[in-house]
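Here is a friendly walk through the model, meant to be read with the structure open beside you. Shall we take a look?

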Amino acid sequence: MLGFSRDGDVVTIELQRPQRRNALSEEIVGLLRAAIEDAATSARVIVLTGQGPIFSAGADLDGVYSDSFLDGLLGMLRTIESVPVPVISAINGGALGAGVQLALASDLRVMSPDSFIAIPAAKLGISVDRWTVRRLSSLIGSSPARTMLLGAERISAADAYNFGFANKVGTLADAQEWAKQIAQLAPLSLRHMKLVFNDDNTRNGDTPEQSEALAAAWSSMDAQEARVARLEKRAAKFVGR
């Protein structure tokens, strides 16, 4: 499910689940977390990418509604933030939902010219945690973030670059070349700056109202309707319960 390659001080970790569009299952989330922790012990830069035409279609919807998956996903994202080396997401094709969260947790993002990002949670009757909303807003601005989340619209690579989500537009090779350049910089300097960048108040706790609203979305009849509609290959009919 994961591929690994090394070029000097740069380790590339590739999601290899093309039959599921590199969707993140509970198993692959655990494997990815362990792989990142292991790579960080010797690499100076880590590159994350996806095999085939898409970076990641997001969470595997067959398991996304379990508490263990959500806990594992959030723990893996926190690991990306916490390892003492820069992590670059090289986004090919597109990143959706949890794939965007993977990129949000990364320190830098390189998007291929034809790629896009989207978080269609509102189409699935669910929502995303406070960290995702705040980190997305801090990177691309409140208005584009609202377009993505409240409008459930895609953002192209060109717009993502202009908004500040993508640091560069380029290929995996471009991301790996950039990683090699970064790997020549002072590791302790990078470690400190990463700590400061990630101290951005996005990890503050939810208010009671926010916690209640998030739980209500995940346990709603609308979320159940979205699951049934997906299986029946039809549009979901939401009623707000």
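## A pair of crossing helices

Let's begin with two helices: the crossing of α4 and α5 is right-handed. Keep in mind that this is a predicted model. Helix α4 covers residues 130-140 and helix α5 covers residues 142-149. They pack at an angle of about 130 degrees, and their axes lie 7 Å apart. An angle of that kind falls outside the roughly parallel, roughly perpendicular and roughly antiparallel ranges, and α4 and α5 are therefore oblique to each other.

Which residues make up the meeting place of α4 and α5? From α4 come Val133, Leu136, Ser137 and Ile140. On the α5 side, their counterparts are Ser142, Pro144, Ala145, Met148 and Leu149.

## The six-stranded sheet

Now turn to an open sheet of six strands, which has mixed pairing. Reading across it, the order is β1-β2-β3-β4-β6-β9. Its edge strands are β1 (2-7) and β9 (168-169), each of which pairs on one side only. Helix α1, residues 26-39, packs on this sheet and touches β1, β2 (10-15) and β3 (45-50). The direction of α1 makes about 175 degrees with that of β2.

At the β1 end, β1 and β2 pair in the antiparallel sense over six bridges. One bridge to find on screen links Ser5 to its partner Thr12 in β2. The two strands form a hairpin with two residues between them. In the turn sits Gly8, with a positive phi of about 65 degrees.

## Following β6 across the sheet

Strand β6 (residues 108-111) is a handy place to trace the pairing. β4 (residues 87-91) runs parallel to β6, and four bridges join them. Ser89 has Arg109 as its bridge partner in β6, while Ile91 has Met111. β6 is also joined to β9 by two bridges, again in parallel. Here Met111 appears once more, with Val169 as its partner in β9.

Where do the side chains of β6 point? Leu108 and Val110 face one way, whereas Arg109 and Met111 face the other, and all are buried. In a regular strand, side chains alternate between the two faces of the sheet.

## A smaller set of strands

Three strands form another open sheet, ordered β5-β7-β8, with mixed pairing. The edges are β5 (95-96) and β8 (155-156), and each pairs on one side only. β5 runs parallel to β7 (residues 116-118), with two bridges joining them. Ala95 has Ile117 as its bridge partner in β7.

## Nonpolar cores

How many residues does the largest nonpolar core have? It has 52 residues. Those with the most contacts inside this core are Ile13, Leu32, Ile46, Leu48, Met76, Ile117 and Phe165. Nonpolar side chains tend to be buried together in soluble globular proteins.

Leu32 is a good residue to click on. Setting aside its neighbours within four places in sequence, Leu32 is in contact with Leu2, Ile13, Leu15, Leu48, Met76 and Leu102. There is also a second, separate core of 13 residues, and among them are Leu108, Ala175, Trp178 and Ala179.

Conventions
Residues are numbered from 1 along each chain as its sequence is written. This is a predicted model: local features need pLDDT of at least 70, side-chain atom pairs count only at pLDDT 80 or more; totals for chains, interfaces and linings use all residues. Side-chain values use heavy atoms; hydrogens and water are left out. Two strands pair if DSSP finds at least two bridges between them. Contact means heavy atoms within 4.5 Å. Axes are lines fitted to C-alpha atoms, for helices over the stretch in contact, and angles run from 0 to 180 degrees between N-to-C directions. A nonpolar core is a set of buried Ala, Val, Leu, Ile, Met, Phe, Trp, Tyr and Cys residues joined through side-chain atoms within 4.5 Å. Buried means under 20% relative accessible area, exposed over 50%, partly exposed in between (1.4 Å probe, protein chains only). Angles under 35 degrees count as roughly parallel, over 145 as roughly antiparallel, 65 to 115 as roughly perpendicular and the rest as oblique. A crossing is left-handed if the near helix is turned anticlockwise from the far one by less than a right angle, and right-handed if clockwise.
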